[in-house]
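Q: Can we go through the cysteines and the aromatic rings in this one?
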Amino acid sequence: MLASLESGWREAVAGNAVLHHDLRQDNVLIDAYGAAWICDWNWPCLGASWFDLVLLLATAYADGHDATALFTQHPTARGVADEQLDAALAALSGFFLSSGGQPAADWSPHLRQHQTWCGEVTLRWLANRRGWAL
């Protein structure tokens, strides 16, 4: 079931917005005026304008927030179907869990632990949305 859902991820996240593709709390700086600055652009790519929001909201979900409600209320998520979000979450969980299972990275000793955590969080968010028991 998960593989079937994931199979539609490319179409689900297609778009022409420039994406950070690694948006998370430690890649956002808030200045003295309250403006957010996104840093650490290692993986820029093109895709759906809402995809970075999914990455950022994964940490909100892990902190106990209703990430789906936050997603649907955001302007970039207007018109995004449930199947699109679920395909993105399925792809992200698969990517992160398989990456987390790779040998340790000598350039970043905690990378695999972080990737595994991200995979577990996105899978839990997806399971919650789908009513799956993990």
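A short exchange on cysteines and aromatic pairs follows.

Q: What kind of model is this?
A: This is a predicted model.

Q: How many disulfides are in there?
A: The count is zero disulfides.

Q: Which cysteine sulfur is nearest to that of Cys39?
A: That of Cys118, 16 Å away, and Cys39 is in no disulfide.

Q: And why no bond for Cys45?
A: The closest cysteine sulfur to that of Cys45 is in Cys118, at 16 Å, which is too far for a bond. A disulfide needs the two sulfur atoms within 2.5 Å.

Q: How accessible are Cys39 and Cys45?
A: Cys39 is partly exposed at 25% relative accessibility. Cys45 is also partly exposed, with 27% relative accessible area.

Q: Switching to aromatics: how many pairs?
A: There are three aromatic pairs. One of them is Trp50 with Phe71, an edge-to-face pair with 5.8 Å between centres and 85° between the planes.

Q: Where do Trp50 and Phe71 sit in the chain?
A: Trp50 is in the loop between strand S4 (45-47) and helix H3 (51-62), while Phe71 is in helix H4 (residues 67-73), so this pair ties together parts 21 residues apart in sequence.

Q: Are Trp50 and Phe71 buried or exposed?
A: Both Trp50 and Phe71 are buried.

Q: What about Tyr61 and Trp125, how are the rings arranged?
A: Tyr61 and Trp125 are stacked, 6.1 Å centre to centre with 15° between the planes.

Q: Which helices does that pair link?
A: Tyr61 is in helix H3 and Trp125 in helix H6 (residues 111-130), so the pair links distant parts of the chain, 64 residues apart.

Q: Buried or exposed, Tyr61 and Trp125?
A: Tyr61 and Trp125 are both buried.

Note on methods: Residues numbered from 1 in each chain as written. Predicted model: local features only at pLDDT ≥ 70, side-chain atom pairs only at ≥ 80, totals over all residues. Heavy atoms only, no water. Buried < 20%, exposed > 50% of the residue type's maximum accessible area, 1.4 Å probe, protein only. Phe/Tyr/Trp six-rings, centres within 6.5 Å; stacked < 30°, edge-to-face > 60°. Helix = DSSP H or I, 4+ residues; strand = E, 2+ residues; numbered from the N terminus.
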